[in-house]
Amino acid sequence: MSESLASRRRRALLFRDGRFVPGERAVPEEVAVAISVDGSTHAVMMASPRDVEDLGLGLTLSERIVSHPREIERIEVVETEAGLDCQIRLDPERGRTYVARRRQMTGPVGCGLCGVESLELAAPVLPVVRAEPRFDPAMLAEAMEAMAREQRLGRETRAVHAAGFFAPDRGLMVVREDVGRHNALDKVVGHLARNDVDSASGFVAITSRVSVELIQKTAVMGSALIVAVSAPTALAIDEAERAGVTLVAVARGAEFEVFTHPRRLRGAVPAEEHASHAA
């Protein structure tokens with residue numbers, strides 16, 4: 001198993017033009033990835049075996065194990081017979097305050113909450129996003145189009161999600177793909193932190209539906225807006241409202257739907273209403 005291997009081709013029987021023909025299809029790799037913190041397994045998930053260091057760093061930030069990459073001494077990805085172990089060693093001061101939740105996330109990819117040990121951990125108290133950037137509506141379509149161009153694995157397999165980060169002054173800064181949508185976003189979080197990018201300077205774009213854990217991760221990283229191809233769940237809308245996150249979904253071409261905090265989109269609310277929130 002190699003971390004650089006993202007897909008492989010498998011034989012399949014194809015039904016084309018009314019008849020069966022032999023063929024093949026590229027399918028994404030999916031492996032068990034453990035995130036270990038100071039020698040204790042914090043999480044195990046099924047994920048794509050690329051950008052695993054970004055995944056580990058992003059998850060520790062999203063789950064507030066650390067507040068900055070400098071609180072981590074080293075990250076090492078170790079290949080085992082069972083999968084990949086992303087081993088994270090905290091600095092001694094942070095390590096003394098760390099209490100592992102010891103949750104097991106092995107299970108159906110995509111839920112993001114498999115095996116959480118209590119209902120309280122499934123609904124953490126989130127920081128309220130205070131950043132008040134304003135974005136032109138055209139930027140959302142620009143971001144989604146740019147992200148689609150960068151989804152090499154998605155085009156090859158049609159079986160993975162993507163997440164990206166778009167800054168108005170720098171365009172699409174990063175795209176990460178994974179079989180799990182929450183993994184893809186954690187990889188983006190890790191990349192931004194590793195490169196000291198201010199998450200409040202732009203917005204998150206994703207190719208999936210919006211489930212609650214994506215809102216939670218967006219709020220913790222401090223981004224004011226998330227835009228998605230598909231629709232949100234009711235709980236995701238409620239969480240975005242509470243956390244001060246502008247939730248945009250069903251983004252198809254130049255059209256989209258805004259579910260919470262529309263003031264950050266130019267033209268959505270009167271300018272004086274945005275000013276009152278920014279004050």
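**A mixed four-stranded sheet and the helix across it**

In this predicted model, four strands line up as an open sheet in the order E4-E3-E6-E5, with mixed pairing. At the edges sit strand E4, residues 40-47, and strand E5, residues 72-79, each of which pairs on one side only. Ignoring direction, neighbouring strands of this sheet are turned by 15 degrees against each other on average. As a bit of background, strands of a sheet pair through backbone hydrogen bonds, and the pairing can be either parallel or antiparallel.

The E3/E4 pair is worth zooming in on. Strand E3 covers residues 31-37 and pairs with E4 in the antiparallel sense, over seven bridges. Within this pair, Ala-34 stands opposite Val-44 in E4.

Then there is the helix. Helix H1, spanning residues 52-62, lies across E3, E4, E5 and strand E6 (83-90). Relative to E6, helix H1 runs at about 50 degrees.

Zooming out to the whole chain, the secondary structure adds up to nine helices and 12 strands. The chain has 279 residues, and 50% of them count as buried. On the outside, about 13400 Å² is exposed, with carbon and sulfur atoms supplying 49% of that area. As for contacts along the chain, take those with a separation of 6 or more: residues 24 or more positions apart account for 52% of them.

Technical notes: Residues numbered from 1 in each chain as written. Predicted model: local features only at pLDDT ≥ 70, side-chain atom pairs only at ≥ 80, totals over all residues. Heavy atoms only, no water. Helix = DSSP H or I, 4+ residues; strand = E, 2+ residues; numbered from the N terminus. Buried < 20%, exposed > 50% of the residue type's maximum accessible area, 1.4 Å probe, protein only. Contact = heavy atoms within 4.5 Å. Areas by Shrake-Rupley, 256 points an atom, 1.4 Å probe, with all protein chains shown as cover. Pairing = 2+ DSSP bridges. Axes fitted to C-alpha atoms, helices over the stretch in contact; angles between N-to-C directions.
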